[in-house]
Amino acid sequence: MLILLFYLSYQKRDIYENPNSVYEHVIENKSNIYFNETNKKFLSDKNIWAIRLDEKGNVVESFNKPSNVKEKFDIKDIVRFTRYYLEDYPVFTYVIEDGIIIFAYPVGSLDKLPSNFYNYDSLLFVFKIFLLFIILFLVSIYVFYRMDIKSIYKKLFPIQKAIDNLYEDDYEVLDESGELRELSKTINYANKKYSDLKLSQIKWIRGVSHDLRTPLSKITWNLNNLKENYDESLINKTNEEVIKVSNIIEDLNLTMYLESVNKNKFTKENPIKILRKLIVEKINDNSNRDIDFKFNYEDINIYMDEHLFYRMIENVLSNSIKYTSGKISVILNASEGMFRIYIKDEGEGIDEEIIEKLQNSDISEVRTHGFGLFISKQICEIHNGNFRILNTNDGLNVIFEFKLDDVNKKL
């Protein structure tokens, strides 16, 4: 609005020629007289009339002078029209060599300010007040800005928290009112869709588990009753297949559980303590096997779920015991900013196709190969680790890697 006001004011001002410009043009183009043909045409185009007075106040030269304007002026008249008006015409006076020259604009075209002085102290006071108001204005703008920013952050904080906890069990439903209600509705909808999907998956797994466990139990019961009448080796093979199906169901349930593990509930534990406990159990259960445990670092703590971490190592170690007959080594090593757990066996390894499926989280053919390694990979990644599995000349090498920067801070 101010810019528009100044622009219109500037355009309005250009309707009338500036008096100083008129004076300069007349002086530059005068000859032996001031109002020659060139200057008369210029004054006519600008709708200005003019007179020239000598030192005694007589009109010695004029252009388009109105008839009601006198031919002679005394000093009082000159002082009066210099400050005010001449017969209601706004006039502007300039001193020349032999008198004065006067330019008059149309009545009502321009206003003249009668005051030609201003109190310096008042001017300074007004300037200080103006400066004070500018400072107060800027301060108020800053205050309102900070309040606005604070208000925005206050409204965005619950949304940020909701996004962080979008797939967590402790998600809090956002208030769907205010300026950000559409965003809140979208986030709430996304969480509801996820919750419904997760609930549907859990119900499906539970349904499958329940539907399979009952007939499996009956089959096992019947097999035990029929051992005396049928081929025991066939019955044992059937029983083993039943156990495999049961294990698959258990692994499916664990896989679903791992998708919704809350890392905030992890506690700081020493993995060496868990490894020692596991290896002692395996040695006691398999006294004929050569199981070796080596470590070069004692003071390591990881934020973990102790039960899951135990299961992560136990799955791999059990596979090595079950499918190999040679030496098994469990090595714990901390170096080059990494904490690693190696499980090496002297078996035949596994197909490279299965390794590729594990790396790509492809759980097809689980009926044949089991969920063990895949679940160990899941648990490792939940603990911000990296899972690798390699076939070597000596057998199979499974590696769990954790950055030392991560093991001593909460996940």
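Here is a walk through a sheet, two loop asparagines and a charged surface patch. Keep in mind that this is a predicted model.

Let's start with the sheet. Five strands come together in the order 2-1-5-4-3, and the sheet is open, with antiparallel pairing. Its edges are strand 2 (59–63) and strand 3, each of which pairs on one side only. As a reminder, strands in a sheet pair through backbone hydrogen bonds, in either a parallel or an antiparallel way.

Now zoom in on the edge at strand 3. This strand covers residues 85–86, and two bridges tie it, antiparallel, to strand 4 at residues 89–96. You can trace the contacts residue by residue: L86 sits opposite Y89 of strand 4, and Y85 has P90 as its bridge partner there. Strands 3 and 4 make a hairpin with two residues between them. Have a look at E87 in that turn, since its phi is positive, at about 50 degrees.

Carry on along the chain and there's another hairpin, this one linking strand 4 to strand 5, again by way of two residues. Strand 5 takes in residues 99–104, and its antiparallel pairing with strand 4 runs over six bridges. One of the partnerships to look for is V91 with A104, the latter in strand 5. In the strand order, strand 4 sits between strand 5 and strand 3.

What about the backbone in the loops? Two asparagines are worth a stop. N47 is not a glycine, yet its phi is positive, near 60 degrees. You'll find N47 in the loop that runs from helix 3 (37–45) to strand 1 (49–53). Is N47 buried or exposed? Its relative accessible area is 52%, and the cut-off for exposed is over 50%, so N47 counts as exposed.

The second asparagine is N384, a non-glycine residue with a positive phi of about 60 degrees. Its loop connects helix 12 (372–382) with strand 11 (386–391). How exposed is N384? With a relative accessible area of 38%, N384 falls between the buried limit of 20% and the exposed limit of 50%, so it is classed as partly exposed.

Last stop: the surface charge. Which residues form the negative patch? They are D351, E352, E353 and E356, which together make a negative patch on the surface. To place it along the chain, look at E352, which belongs to helix 10, spanning residues 352–359.

How values were computed:
Residues numbered from 1 in each chain as written. Predicted model: local features only at pLDDT ≥ 70, side-chain atom pairs only at ≥ 80, totals over all residues. Heavy atoms only, no water. Patch = residues over 30% accessible without salt bridge, like charges linked within 9 Å, V, L, I, M, F, W, Y side chains within 5 Å. Areas by Shrake-Rupley, 256 points an atom, 1.4 Å probe, with all protein chains shown as cover. Salt bridge = Lys/Arg side-chain N within 4 Å of Asp/Glu carboxyl O. Lys, Arg positive; Asp, Glu negative; His and termini not counted. Charge placed at Lys NZ, Arg CZ, Asp CG, Glu CD. Helix = DSSP H or I, 4+ residues; strand = E, 2+ residues; numbered from the N terminus. Pairing = 2+ DSSP bridges. Buried < 20%, exposed > 50% of the residue type's maximum accessible area, 1.4 Å probe, protein only.
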